[in-house]
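Ready for a short walk through a protein? Have the sequence and the 3D view open, and we'll take things one stop at a time.

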Amino acid sequence: MQYRVLGKTGLRVSELGFGCGNVGGLMVGGTHEQQVSAVRHALDLGINYFDTARAYGEGKSETHLGRVLEEVGEEVVLSTKIRLEADALQDIAAATVSEVNEGLARLGRESVDLIQLHTRLASRRESGRFAMTPDEVLGPGGVIESFKRLRDRGRVGFFGFTGLGEVEAIEALVDSGEFHSFQAYYNLLNPSAGQAVPHGFSALDYGRVIDRAAGQGMGVVVIRVLAAGVLSPTPESGGGTSREPLSAGSEYEHDVARAHKLAFLKDHGLESLPQAAIRFALMKPEVGTVLVGFSNNGQIDEAAACSGAGPLPESAMAALREMWDGDFGGT
């Protein structure tokens, strides 16, 4: 296992992170024995970064991971996330502190290395799906003030956010210089967070926000590297419990159609699409770690083998760039 430093945090993290969410679903729905086996196996392979959230199984993931980590007795780099809803607007500071404390209680820990805001972002308040504005995150009485107070109390080490929602709002949080890390939506089907895509690209254009974040010294954690399981050998087994798209233009059905057009990667010596996807994400030097959700130990082995495997062949990258430039043929 290779390791990288997560931006200005100084945290040394494995290139592969253990995602404890609904994709793969092991830490949400597996048995305790399966969970212990998987975590021990991941640790044996050198994986030291574990990511969970209240939103995963309504707290089950945090509870299960906490129990497993206590049982195995190994030190890890641990991240959890809070998701604030509309009712938090009555007192954002109090809601933030409450959510963090409740998450720590479920984990059975006094502190975590990294706390992240898991709420979507938008430039302004609109009807429909709830999202927070940059002012509500960064302004007086906002999320960042509470994160800092929690840090001063020794409850959290560093703070980050999940970069989903409106790109303008994501960029505002990146440019603020207040966060140490962010989670980037980045995969073979939508590489725009780290690669140039044409104007009018049918998936959301994140405008190479990974580069922007790195310019602020932020650590980058890649999420949805397998596009909710679409880039796994059996997509229907890997998509988690929801088909709700995390990113506009990346609806599950659209991504399935795009993924079918990546069969050419086999002609470049890349027989495993999951490994191609993970190695692609690791090619970006600004990336600190790539989160992968697991269903079994075999998937952990396959992902871990990508660390140190090197970049994709240039011939494969040239073919991918041609595919992106053509927007997957208009899919």
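Let's start with a bit of vocabulary: a salt bridge here is a side-chain nitrogen of Lys or Arg within 4 Å of a carboxyl oxygen of Asp or Glu. Keep in mind that what you're looking at is a predicted model.

With that in hand, find Lys284 and Glu286. Their side chains meet in a salt bridge, with N and O 4.0 Å apart. Are these two residues buried or exposed, or something in between? Buried means under 20% relative accessible area, so Lys284, at 8%, counts as buried. Glu286 has a relative accessibility of 29%, so this one counts as partly exposed. The pair isn't on its own, either: salt bridges that share partners join Lys284 and Glu286 with Arg208 and Asp211 in one network.

So let's hop over to Arg208. You'll find Arg208 in the loop that runs between strand β8 (181-185) and helix α8 (209-215). Its side chain and that of Asp211 form a salt bridge as well, this time at 3.3 Å from N to O. Both partners are partly exposed: Arg208 has a relative accessible area of 37%, and Asp211 has one of 27%. There's something to notice in the backbone too. Arg208 isn't a glycine, yet its phi is positive, at about 55 degrees.

Which other residue has a positive phi near 55 degrees without being a glycine? That's Arg224. Look for Arg224 in the loop between β9 (219-223) and α9 (235-238). With a relative accessibility of 24%, Arg224 counts as partly exposed.

Back to salt bridges for a moment. How many does the structure hold? The total is 17. One of them pairs Asp175 with Arg212, and the closest N and O atoms are 2.7 Å apart. This pair ties together distant parts of the chain: Asp175 sits in helix α7 (residues 167-175) and Arg212 in helix α8, 37 residues apart. Asp175 is partly exposed, at 36% relative accessibility, and Arg212 is partly exposed too, at 35%.

Next stop, another arginine. Arg120 lies in the loop between β6 (112-117) and α5 (134-138). Is Arg120 buried or exposed? Its relative accessible area is 16%, so Arg120 is buried. What surrounds it? Setting aside neighbours within four places in sequence, Arg120 is in contact with a list of residues including Arg129, Phe130, Met132, Leu164, Pro245 and Leu246. Leu246 deserves a second look: its backbone oxygen lies 2.7 Å from a polar atom of the Arg120 side chain.

Let's finish with a pair of helices. Helix α2 (residues 32-44) packs against helix α12 (residues 297-304) at an angle of about 20 degrees, and their axes are 10 Å apart. Because angles under 35 degrees count as roughly parallel, α2 is roughly parallel to α12. Which residues make the contact? On the α2 side they are Ser37, Ala38, His41 and Ala42, while α12 brings in Asn297, Ile300 and Asp301. As for the handedness, α2 passes α12 in a right-handed crossing.

Conventions: Residues are numbered from 1 along each chain as its sequence is written. This is a predicted model: local features need pLDDT of at least 70, side-chain atom pairs count only at pLDDT 80 or more; totals for chains, interfaces and linings use all residues. Side-chain values use heavy atoms; hydrogens and water are left out. Helices (H or I, at least four residues) and strands (E, at least two) are DSSP runs, numbered from the N terminus. Buried means under 20% relative accessible area, exposed over 50%, partly exposed in between (1.4 Å probe, protein chains only). A polar contact is a pair of N or O atoms within 3.5 Å; within protein, one must be able to donate a hydrogen and the other to accept it, and residues adjacent in sequence count only if both atoms are side-chain atoms. Contact means heavy atoms within 4.5 Å. Axes are lines fitted to C-alpha atoms, for helices over the stretch in contact, and angles run from 0 to 180 degrees between N-to-C directions. Angles under 35 degrees count as roughly parallel, over 145 as roughly antiparallel, 65 to 115 as roughly perpendicular and the rest as oblique. A crossing is left-handed if the near helix is turned anticlockwise from the far one by less than a right angle, and right-handed if clockwise.
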